[in-house]
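Biologist: Please show me the structure, and then let us examine the places where empty space and a ligand are found.

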Amino acid sequence: MPKDEPATAASRGPRIGVFGGTFDPIHVGHLVTAVNVRHVLGLDRVLLVVANDPWQKQKADLPLTPALDRLAMVEAAVGDVVGLQASDVEIVSGGVSYTADTLVTLRHHHPAAELFLILGSDAAAGLPTWERVDEVRGLATLVVATRPGADDATPPAGWEHQAVEVPRLEVSSTDLRARFADGRPLDWLVSDAVVHVIRQRNLYAVHQMASPRSATS
Ligand code: ATP
């Protein structure tokens, strides 16, 4: 058993949330979802799994930020938040990132764990198109983060899943990339630690970016 498993693992396996994403970049909506799902379901921790090569976004017009840069942003965002952990499992595996493979690898690393696959409602809507989705359903409990008062998409009828309400934050990585490019404010949408990584690594046409709050105060 890995040394980071909690003491309670003797009575039951750890409950591990698996929250996958491109995280290009990671934003407050991702983090709010991860901490709230962890709290509501009593998970020991949530892994923020950085996609190496997300097949769903292969047709997107814009190039993807390199995986190691996206991982560095996730590590910075998670910082020392209790119960959240950046995961490079898909980067280490290499190639196209399929959730079924990721869950098999995590099951191998944590044989006693109960796995919970956390999905935003947009991801839940696309679930039926996923590669080897029946395998995914067999390896983890599906958890859909829904937004209060919203008519969110859920998995198809009959698919077992848990819905967890999380605060609605209308932020997306797509919008953030546009903000970086044209210099609109990023304050509170992305943590200062993430902005620091972006500046350090010169991501997202950062030369055009307005000074972040931390640099002006
Ligand atoms: P993009 O705009 O590039 O498509 P994104 O903001 O949707 O990116 P992803 O990395 O693709 O971010 O998403 C990872 C996971 O986070 C998915 O399950 C997605 O549904 C969820 N998610 C994305 N944005 C939010 C948000 N604002 N609140 C809660 N969950 C979100």
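The exchange below takes up the ligand, the pockets, the cavity and the backbone in turn.

Biologist: On what basis are the values computed, and what kind of model is this?

Modeller: Residues are numbered from 1 along each chain as its sequence is written, and side-chain values use heavy atoms, with hydrogens and water left out. Local features need pLDDT of at least 70, side-chain atom pairs count only at pLDDT 80 or more, and totals for chains, interfaces and linings use all residues, since this is a predicted model.

Biologist: How many residues surround the ligand, and how do they divide by class?

Modeller: A residue counts as near the ligand if one of its heavy atoms lies within 4 Å of it. On that basis the ligand is surrounded by 20 residues, the closest being Lys57, Asp122, Val171, Ser173 and Thr174. Nonpolar residues are Ala, Val, Leu, Ile, Met, Phe, Trp, Tyr, Cys and Pro, charged ones are Asp, Glu, Lys and Arg, and the others, Gly among them, are polar. The shell accordingly holds 6 nonpolar, 11 polar and 3 charged residues.

Biologist: Which elements each supply at least two residues of the shell around the ligand?

Modeller: Helices (H or I, at least four residues) and strands (E, at least two) are DSSP runs, numbered from the N terminus. The elements in question are strand E1 (15-21), helix H1 (28-41), strand E4 (114-120), helix H5 (121-126) and helix H7 (173-182).

Biologist: What lies 2.8 Å from an oxygen atom of the ligand, and how much of the ligand does the protein bury?

Modeller: A polar contact here is a pair of N or O atoms within 3.5 Å. A polar side-chain atom of His27 lies 3.0 Å from a ligand oxygen, and a backbone N or O atom of Val171 is 2.8 Å from a ligand nitrogen. The atom asked for is a backbone N or O atom of Ser173. By the Shrake-Rupley method with a 1.4 Å probe, the ligand taken alone exposes 600 Å², of which the protein buries 83%.

Biologist: How much space lies in the largest pocket?

Modeller: On a 1 Å grid over the protein atoms alone, a pocket is an open set of points with protein on both sides within 12 Å along at least five of seven lines, and lining residues have an atom within 4 Å of a point. The space taken by the ligand is this largest pocket, where a molecule sits in a pocket if more than half of its atoms lie within 2 Å of its grid points. A volume is the space filled by probe spheres set on the points, and here the value is about 1100 Å³.

Biologist: Which residues line the largest cavity?

Modeller: A cavity is a set of grid points where a 1.4 Å probe fits but cannot get out. The structure holds 1 cavity of 30 Å³ or more, and the space in the largest cavity is about 40 Å³. Its lining consists of Trp55, Tyr98, Thr99, Ala100, Trp130, Glu131 and Val136.

Biologist: Which peptide bond is cis?

Modeller: Most residues other than glycine have a negative phi, and most peptide bonds are trans. In the loop between E1 and H1 lies Phe23, whose phi is near 50 degrees, a positive value. Pro25 is also found in the loop between E1 and H1. With omega near 5 degrees, the cis bond runs from Asp24 to Pro25.

Key
A polar contact is a pair of N or O atoms within 3.5 Å; within protein, one must be able to donate a hydrogen and the other to accept it, and residues adjacent in sequence count only if both atoms are side-chain atoms.
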